[in-house]
Amino acid sequence: QVQLVEFGGGLVQPGGSLKLSCIVSGFSPDYDVIGWFRQAPGKEREGVSCISMSDGSTYYTDSVKGRFTISRDNAKNTVYLQMNSLKPEDTAVYYCASDRILMIAGIPLKEITEFEFWGHGTQVTVSS
């Protein structure tokens, strides 16, 4: 059973930065993909980014490319999401998620929002 716990959400002004952390237990470093999705009030869940824990290949949704960076530290069982140049439309609850899937050419073969295991989420609010 994979367990995920997110840290690092908060209130930030537009243009600011936040770094989210996801501590993962029970995952396979050879097969699992860890990702982030978000859900804003009244909106559908949106896959944001994911990373292969085996080879480090990454995926980003178009709206965050160039602003967000996902990384991993397998020794610390942690995945990070560095978020820069934040916009009000980035406001959402951010969830860390895990699944045992393939990534081909940097594309996960399953929607991040449908990954099998989720954390409880952390609120990110971008507002002046």
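Among contacts between residues at least 6 apart in sequence, 59% join residues that sit at least 24 apart. Keep in mind that what you're looking at is a predicted model.

**The whole chain**

The chain has 13 strands and zero helices. Reading from the N terminus, then, you go from one β element to the next right through to the end. The radius of gyration is 13 Å, close to the 14 Å that the globule rule gives for 128 residues, so the chain is as compact as a globular protein of that length. Along its principal axes, the C-alpha atoms fill a box of roughly 40 × 25 × 25 Å.

As for what's inside and what's outside, 46% of the 128 residues count as buried. The chain exposes about 6,600 Å², and carbon and sulfur atoms supply 48% of that area. On the charge side, there are 11 positive and 14 negative side chains, with the centres of the two sets lying 5 Å apart.

**Strand S5 and its two partners**

A good place to start is S5, residues 46-52. Six of its seven residues are buried, so this strand is largely enclosed by the rest of the structure. S5 pairs with S4 (residues 33-39) in the antiparallel sense, over six bridges. Within that pairing, Ser-52 of S5 stands opposite Val-33. S4 and S5 form a hairpin with six residues between them, and Gly-42 in the turn has a positive phi of about 75 degrees.

S5 also runs antiparallel to S6 (residues 58-60), joined to that strand by three bridges. Here Cys-50 has Tyr-59 in S6 as its bridge partner. This pair is a hairpin too, with five residues between the strands and Gly-56 in the turn at a positive phi of about 75 degrees.

**Strand S8 and its two partners**

S8 (78-83) comes after S7 (68-73), with Asn-77 in the loop between them. S8 is mostly covered, with five of its six residues buried. S3 (residues 18-25) pairs with S8 antiparallel over six bridges, and S7 pairs with S8 in the antiparallel sense, also over six bridges. Tyr-80 is a handy residue to click on: this S8 residue is the bridge partner of Ser-21, and Tyr-80 is the bridge partner of Ser-71 as well. S7 and S8 form a hairpin with four residues between them.

Here are the pairings for S5 and S8 in one place:

| Strands | Sense | Bridges |
|---|---|---|
| S4 and S5 | antiparallel | six bridges |
| S5 and S6 | antiparallel | three bridges |
| S3 and S8 | antiparallel | six bridges |
| S7 and S8 | antiparallel | six bridges |

**Two positive phi angles outside glycine**

Most residues other than glycine have a negative phi. Asn-77 goes the other way: it isn't a glycine, yet its phi is positive, at about 55 degrees. Asn-77 is in the turn of the S7 and S8 hairpin, and it is partly exposed, with a relative accessible area of 31%.

Ala-105 is another non-glycine with a positive phi of about 55 degrees. You'll find Ala-105 in the loop between S10 (103-104) and S11 (107-108). Ala-105 is exposed, with a relative accessible area of 79%.

**Gly-9 and Thr-122**

Next, have a look at Gly-9, in the loop between S1 (3-7) and S2 (10-12). Gly-9 is partly exposed, at 32% relative accessible area. Leaving aside neighbours within four places in sequence, Gly-9 is in contact with Leu-18, Leu-20, Thr-122, Gln-123 and Val-124. Gly-9 and Ala-97 are 88 residues apart in sequence, with 16 Å between their C-alpha atoms.

Thr-122 is in S13 (residues 122-126). At 11% relative accessibility, Thr-122 counts as buried, because the cut-off for that is under 20%. Not counting residues up to four places away in sequence, Thr-122 touches Glu-6, Gly-8, Gly-9, Leu-20, Ala-92, Val-93 and Tyr-94. Leu-20 is thus in contact with Gly-9 and with Thr-122. Thr-61 is 61 residues away from Thr-122 along the chain, and their C-alpha atoms are separated by 19 Å.

Conventions: Residues numbered from 1 in each chain as written. Predicted model: local features only at pLDDT ≥ 70, side-chain atom pairs only at ≥ 80, totals over all residues. Heavy atoms only, no water. Rg over C-alpha atoms; globule rule 2.2 N^0.38 Å. Buried < 20%, exposed > 50% of the residue type's maximum accessible area, 1.4 Å probe, protein only. Contact = heavy atoms within 4.5 Å. Areas by Shrake-Rupley, 256 points an atom, 1.4 Å probe, with all protein chains shown as cover. Lys, Arg positive; Asp, Glu negative; His and termini not counted. Charge placed at Lys NZ, Arg CZ, Asp CG, Glu CD. Pairing = 2+ DSSP bridges.
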